[in-house]
Amino acid sequence: KPARAWSAVRSLSASSISSSAAEVNLLLLVFMAVIGSASPDAATGANETLRRPSGHSLDDSHHPRNSSEHRKAFPVLAFNYEHVSKPFVISLWILLALLMKLGFHLIPRVSHIVPESCLLIFVGLLVGGIIKAMDQTPPVLDTKLFFLYLLPPIILDAGYFLPIRPFTENMGTILVFAVVGTLWNAFFIGGMMFAVCQIEAAQVGHVDLLSCLLFGSIISAVDPVAVLAVFEEIHINELLHILVFGESLLNDAVTVVLYHLFEEFAHEGTVTVGDALLGVVSFFVVSVGGVMVGFIYGVLGAFTSRFTSHSRVIEPLFVFLYSYMAYLSAEVFHLSGIMSLIACGVIMRPYVEANISHKSYTTIKYFLKMWSSVSETLIFIFLGVSTVEGPHNWNWIFVIFTLILCLLSRVLGVVGLTFIINKFRIIKLTKKDQFIVAYGGLRGAIAFSLGFLLTDTEKKDMFLTAIITVIFFTVFVQGMTIRPLVELLAVKKKKESKASINEEIHTQFLDHLLTGIEDICGHYGHHHWKDKLNRFNRKYVKKWLIAGDRSSEPQLISFYNKMEMKEAMMLVESGSAAKLPSLASAASLQNAQQRAPPKQRAIPSISKTREQEIRKILRANLQKTRQRLRSYSRHDLFSDPFEDSMSEIRFRKQRVQMERRMSHYLTVPANRQETPSARKVWFEPEHKVYTYDESESPRDGAALETLPDTVSLLSESPQRPGQSSRLRKRGDTEPSANAPDSQEEPQKLSRCFSDPGPKEEEEEGEG
Amino acid sequence: MGAAPTRIGQQDPELVERTGFSPEQINNLHKRFLQLSGNKDTISRENLNDIPALAYNPIKSQIIEAFFDKRNQHDSEVGSLEEITFQQFLMVMSHFRPPTLEMTAEEKEAMRKEKLRFLFNMHDTDGDGKITLEEYRKVVEELLSSGSIEQESAKEITDAAMLEVASTNVPHMGPEDFYEGITFEHFEQILKGLEMESRMHIRFLDTATVHCGKS
């Protein structure tokens, strides 16, 4: 028996990863369905309707009975499920949903063709089906749950990392699409549906105009969650991405106003002109008000982050809480919560990032991604489950026409608006762009939740059915086909480029250049105002919201520092680096610390072989960078003789600067000197090597003598004073590069040090 | 404002041909030219220097120099002029036209080259066809509007930038090679990602506008 079981296990493990992943997924599905059905309805927030019968009887056993006939034994093991049922179920749902998601990515072929959102909805359908088959009530996507808990993380994630430059450059276009486009959609669909409802055959004559308009306003808005889910996987160019995505974010204000307007009046039955005017005013109040609320919280958040230098651990919490408060505060007044959240994130980000530590920045980034990922997964699964749950009122004509009209109105809207917009845009939108914008108008869970909020049950079911159909169509059909279409139409993809200091320099240069040309031309254009805003920002705002002397740091320098930091971290990570910093500190401490004697405490002792390993790695990395630097910089950087003698002072100053930056970025308190200096030494090679080169100039042999430590440090034989002295000697007396040496690689390096190239410098060194 | 000919666009179709502006745009620019020059036929450096809005611009001198640089006139001369006429003013401005919808890919490529050449000429002040470390450093210093503290950062940044150019364009340099300066080809290569033709442009007014004094 055991042998057979063992062979069964072996055969299972022998099967390919993909098939076993599929089996695992299936098992998880069934498991989830069972638990989901058997456990209470946590998602609706309703109290548990299905109590486990065993819970009751065991309750008694918890109460200690002092007086009774026969004393019960003390219960060693008890079962009390309802005590934890709510959090238990919630956690279980989330866990199983994420395991599903994990499973998908193990099946490579499927996840390549089908976007994740489709798979998740499908899973939701299956789970709903299984639960229903067991005659239980599955949990439904509760509106409160959706709007208060599931939606904000996604929006915050999107808003915080919104690419500002393309967003502001295309703001006009985005606003036109969002406002005018959504209005057009709502009225067109609503009006046409009313006409459709008049058809006798549909038997929906009871639906009046206002209800149709309400329906139109619900279904017309492009959904940010769906757009994000699909567009993230196809990597189209920045312009199109920001157009569709920006539209989906900013149309929230329009949706909110229209929805409330029509819902109010759907009961009354009529709308007067005064009401319509009030609606327009309300739109401005909702959108501008939402932005103002977000702005206030954003400034508060930025200001708070200025003082967090002593309690770095809670920094990310400030970002999250201020943003969430912005959202909730806006919702209190029926303002646009989404716009408030976006505004808060956008305002807060540049100042907060200048103030917080690097670790907090990473934390914020990963928490936001994590939360938004969980939210998205849950939303799609619940969408699937709610679909199965019903209640449905399928009316062929209504649903089919809704679908057709949605597509039609989207296409007409985009084409028409682009025609107008292109008159004002400098970079016009091509037909391909228009197609992608139109095709990317996906509907999603927001439409569903708004529909769910409707109170009139008779039409609600029919509306919900139609909404779900449209959502399914857009997510499945459009979501799946957009990737091959993008390939087919050869739409420009996003270029994956790493941060380049040259591009940054020239971006800023261009900004100033274009502003200057505009000034010469004499009209106040886009650049002029941007420049004014930047100057205002630098002069006043930064001083208030950024701590310390970073408030006056020019943008180019912060960019450069960030880049340096990133590269240094990558270097550390790539070179089997976990132990390296501390060990490099051992290397550096002995040599570079004449200037700071207290640092010689607490040197960890390392074995010789380890040292060799480290040195080899260091050497290899340095060699690469050294070669590149040598190639260009040798002669030019020696141009200033004054610099050679100044180099030592500069070296000292740079180290101090570096330490300050280290402690700032990496939350290492400034008084712990060992590790910062270690990291600093490690980083130095990438960018500072050439400064050492300058000091090594044979033109000034004296400089070499005063810096024996730095020389030996760079030659990576810090523990061997013999070696360093040899180098020193060579620098003084033997500029020729042909002296044989036992170690090949340091020889090459030292040759670089002492071999000047042109003859005259050699002579100088000798003399 | 004197009685200057305002219909210069119609009078000189060759201008439209050479610079690519529409007649209305040329008229507007001519009005501005007269405003700047005090109704004379040529503009000197002082005229441009006097524009108040330019005072805050960190690269003001480079911009002004670019107008007087012969290389931007699409002749093959080098050196700089003392004063420029309206035609030359227009030639320089034509570098900032946006691409139109009807342009082919080759035309866009040519436009991008032209704009990059303009930028290159702005950096390469001595005209030897290469941007050396010194010249680049000056650019960065101007951008940082440096006090003395920033000079070192400018050096670091410039060095890192040159390193990037060198390593991208000449990846297999031996230890003995020397990278002299950024040539135009390398410059193009390093700024390939910026899509210059879509970024380096300003909006030229098509309709007739009224300028109130020197704005």
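Is A:C521 buried or exposed? A:C521 is buried, because its relative accessible area is 4%, where buried stands for under 20% relative accessible area, exposed for over 50%, and partly exposed for the range in between (1.4 Å probe, protein chains only).

## About the model

This is a predicted model, in which local features need pLDDT of at least 70, side-chain atom pairs count only at pLDDT 80 or more, and totals for chains, interfaces and linings use all residues. Residues are numbered from 1 along each chain as its sequence is written, chains are lettered from A and ligands numbered from 1 in the order in which they are written, and side-chain values use heavy atoms, with hydrogens and water left out.

## Cysteines

A second cysteine to look at is A:C344, which counts as buried because its relative accessibility is 0%. Over all chains, the structure holds 0 disulfides, a disulfide being a pair of cysteine sulfur atoms within 2.5 Å.

## Chain B at a glance

Chain B has 11 helices and 2 strands. Helices (H or I, at least four residues) and strands (E, at least two) are DSSP runs, numbered from the N terminus. Read from the N terminus, the order of elements in chain B is α-α-α-β-α-α-β-α-α-α-α-α-α.

Of the 215 residues in chain B, 52% are buried. Among the contacts in chain B with a separation of 6 or more, 56% come from residues 24 or more positions apart; a contact means heavy atoms within 4.5 Å. Chain B has an accessible surface of about 10,000 Å², and carbon and sulfur atoms hold 50% of it. Such areas come from the Shrake-Rupley method with a 1.4 Å probe, and for residues only the protein chains shown count as cover.

## Nonpolar cores

In soluble globular proteins, nonpolar side chains tend to be buried together. Here, the largest nonpolar core has 131 residues, and the members that touch the most others are A:F146, A:L151, A:F231 and A:F398. Helix α12 (residues 238-268) of chain A gives the most to this core, namely 15 residues. A nonpolar core is a set of buried Ala, Val, Leu, Ile, Met, Phe, Trp, Tyr and Cys residues joined through side-chain atoms within 4.5 Å.

What is A:L151 in contact with, leaving aside its neighbours within four places in sequence? The partners of A:L151 are A:F146, A:V225, A:Y327, A:I338 and A:I446. Apart from the largest core lies another, of 65 residues, with B:L29, B:L36, B:L133 and B:A154 among them.

## Aromatic rings in chain B

Over all chains, the whole structure has 26 aromatic pairs. Rings of Phe, Tyr and Trp (its six-membered ring) pair if their centres lie within 6.5 Å; planes under 30 degrees apart count as stacked, over 60 as edge-to-face and the rest as tilted. One of these pairs joins B:F120 and B:F184, which meet edge-to-face with 5.5 Å from centre to centre and 75° between the planes. B:F120 lies in helix α7 (residues 105-123) of chain B and B:F184 in helix α10 (residues 184-190) of chain B, so this pair ties together parts 64 residues apart in sequence.

B:F120 also pairs with B:F187: the ring centres are 5.4 Å apart and the planes are at 65°, so this pair too is edge-to-face. Because B:F120 is in helix α7 and B:F187 in helix α10 of chain B, the pair ties together parts that are 67 residues apart in sequence. B:F120 and B:F184 are both buried; B:F120 has 1% relative accessibility, and B:F187 is buried as well, at a relative accessible area of 2%. Elsewhere, B:F33, B:F67, B:F86 and B:F89 make up one aromatic cluster.

## Charges over rings in chain A

The charged end of A:R349 sits over the ring of A:Y160, 5.7 Å from its centre. A:K423 lies over the face of A:F419, 4.4 Å from the ring centre. A charge sits over a ring if NZ of Lys or CZ of Arg is within 6 Å of the ring centre and within 35 degrees of the ring normal.

## Loop residues

A:H235 is not a glycine, yet has a positive phi of about 55°. A:H235 is found in the loop between α11 (224-234) and α12 of chain A, and its 38% relative accessibility counts as partly exposed. B:N39, again not a glycine, has a positive phi of about 65°. The loop that holds B:N39 runs between α3 (23-37) and β1 (43-44) of chain B, and B:N39 is partly exposed at 40% relative accessibility.
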